[in-house]
Amino acid sequence: MSLRDIAKKIAPKLVTLAVVAASAIAAYTLYVRYTDRPWTRDAQVSANVVQIAPRVSGYLVRVAVKDNQFVKKGDLLFQIDPTSYQLTLDQALVTLDQARENVGALEADVRAAQATVKQQQAALNSAQSQIDEALAGVKSADAAIKESESGVLSANALIAQNKAQLDEAGRESARAARLAKSKAGSVETAESKAAAVKVSQARVDSANAGLQQAQAALSKSKSAQKEAQAKVDAARSGLVEAEAAVATAVANKDQARAQLGQPGNANVNVRSAQVQIEQAKLQLKWTSIYAPSDGYITNMSLLEDTFVSAGTPFALFVDSSTFHVDAYFEETKLKHIKPGDPAVITLMGYHDQQLEGEVESLGYAINPPNLAETEGPSNLVPTIQPSFDWIRLAQRVPVRIRFKKIPDDLHLVSGTTASVSIRK
């Protein structure tokens, strides 16, 4: 058999073998790309969209931006009429001044009450001193009475002695006179005895005068004792009044302190007024609405003099620094994706321009559709939807893709369609 015949016989087999090999290589290549380079066109551009809602109500007096305008962080967006909020702040400032004046007056009352307590305490001490002084007077009067009584006793004793001497001198004088008359005695002796009688009589008169003086001193001492005792009684009455006055002053001081509470800026009324001022300042500040970051105002149709309500959104703000792509990969491909993997992003509106990206994170929770629903009381009873045993659809899991660089001429819109391919 010639070589030509052999070639004709083998050629069809070689062609078939080549086709099979090419198909195997193509299938392997597709498998490798499928596993090593996961790809999805179920992706969309996303960004943080903030609803602009005022914290206070009022009429807009200024709209500083236009729809779809780019703004920098801190730029003024809207101005609500601040007039009423400024008046509230002014009233809060007046309330603070009034509270401080009231606290000052109460502090003055406390100081006055403390001074009254000191004054009444001094009066109490004075009353006690007067009692001590009056008691000392009573003691002195008692000593004087004892001394006067002793003087009276001495005077009576002296009178009795002098009377006895007078009687003796009288008898001697009478005897001497009888003897002189009968010539049994001398006239000189009789005269001497008569003179002795006169001397004794003078002594008796002097002793009587001394008795009168002692009795007068005793009477005076008793009067002084009564006067001193009256002073003691008056001083004790004054002491009782002084003690009552001190108790009243202390009670008034305690009442003044209770009315005052904490002094100075620590007083509850002052602190309450300061809180009102801070709240008024905060509300006044909220009348100016600023851009929370760099981004765009969109879907806005507002005019000045429009009334806006606190907590009610009236515009949208797109944070330009948060643009990213949410790519929804099948759960079977997640094992081939990890944070940090490079990605290629293709936007539907810019299909001829590939953008570089990077896997930022993988989602951790999804809500599988048509799998289970909860119904019944308190949503406690699960109702399981039927599933087909011969087919199980892979769920889609969100994977967040970060743009490495966004071209200046690229107009990103949150919600637009994109395709993502993960590269290894």
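Val50 finds its bridge partner in strand 9, and that partner is Phe317. The strands here, like the helices, are DSSP runs numbered from the N terminus, with E and at least two residues for a strand, and H or I and at least four residues for a helix. The link is part of a set of four bridges that join strand 2 to strand 9, the two running antiparallel. This is a predicted model, in which local features need pLDDT of at least 70 and side-chain atom pairs count only at pLDDT 80 or more, while totals for chains, interfaces and linings use all residues. Residues are numbered from 1 along each chain as its sequence is written, and side-chain values use heavy atoms, with hydrogens and water left out.

Strands 2 and 9 belong to an open sheet of four strands, ordered 2-9-7-4 and paired antiparallel. Strand 2 (49-52) and strand 4 (70-71) sit at the edges with a single partner strand each, so one side of each has no neighbour in the sheet. Pairing here takes at least two bridges found by DSSP between two strands.

A further open sheet, again of four strands with antiparallel pairing, has the order 6-5-3-8. Its edges are strand 6 (288-290) and strand 8 (307-308), each of which pairs on one side only. Strand 3 (residues 58-63) meets strand 8 over two bridges in the antiparallel sense, and Tyr59 has Phe307 of strand 8 as its bridge partner. For the protein, the secondary structure adds up to four helices and 16 strands.

Strand 3 also holds Arg62. With a relative accessible area of 44%, Arg62 is partly exposed; the scale runs from buried (under 20%) through partly exposed to exposed (over 50%), using a 1.4 Å probe and protein chains only. Leaving aside neighbours within four places in sequence, Arg62 is in contact with Leu76, Leu77, Phe78, Gln79 and Glu304, where contact means heavy atoms within 4.5 Å. For one of these partners, Gln79, the C-alpha atoms lie 5.0 Å from those of Arg62, with the two positions 17 residues apart along the chain.

Two loop residues stand out by their backbone angles. Asn68, in the loop between strand 3 and strand 4, has a phi near 65°, a positive value in a residue other than glycine. Asp305 is not a glycine either, yet its phi is positive at about 70°. Asp305 lies in the loop between strand 7 and strand 8 and is exposed, with a relative accessible area of 59%.

Now for the pocket. The second largest pocket has a volume of about 380 Å³. On a 1 Å grid over the protein atoms alone, a pocket is an open set of points where a 1.4 Å probe fits, with protein on both sides within 12 Å along at least five of seven lines, and lining residues have an atom within 4 Å of a point. Grid points are joined across faces, edges and corners, and the volume is the space filled by probe spheres set on the points. Of the 17 lining residues, those closest to the centre are Tyr296, Phe323, His411, Leu412 and Val413. Strand 7 (295-298) and strand 9 (315-319) are the elements that give two or more residues to this lining, and strand 7 supplies the largest share, three residues. By type, the lining splits into eleven nonpolar, five polar and one charged; Ala, Val, Leu, Ile, Met, Phe, Trp, Tyr, Cys and Pro count as nonpolar, Asp, Glu, Lys and Arg as charged, and the others, Gly among them, as polar.

Elsewhere, Gln165 has its place in helix 2 (residues 83-181) and is partly exposed at 30% relative accessibility. Setting aside neighbours within four places in sequence, Gln165 touches Ser200 and Arg203. Val199 lies 34 residues from Gln165 in sequence and 9.7 Å away in space, C-alpha to C-alpha. Ser421, found in strand 16 (residues 417-422), counts as buried at 12% relative accessibility. Its contacts, apart from neighbours within four places in sequence, are with Pro38, Trp39, Pro342, Ala343 and Val344.

As for overall figures, buried residues make up 27% of the 424 residues in the protein. Among contacts with a separation of 6 or more, 82% come from residues 24 or more positions apart. The protein exposes about 27,800 Å², with carbon and sulfur atoms supplying 54% of it; these accessible areas come from the Shrake-Rupley method with a 1.4 Å probe, and for residues only the protein chains shown count as cover.
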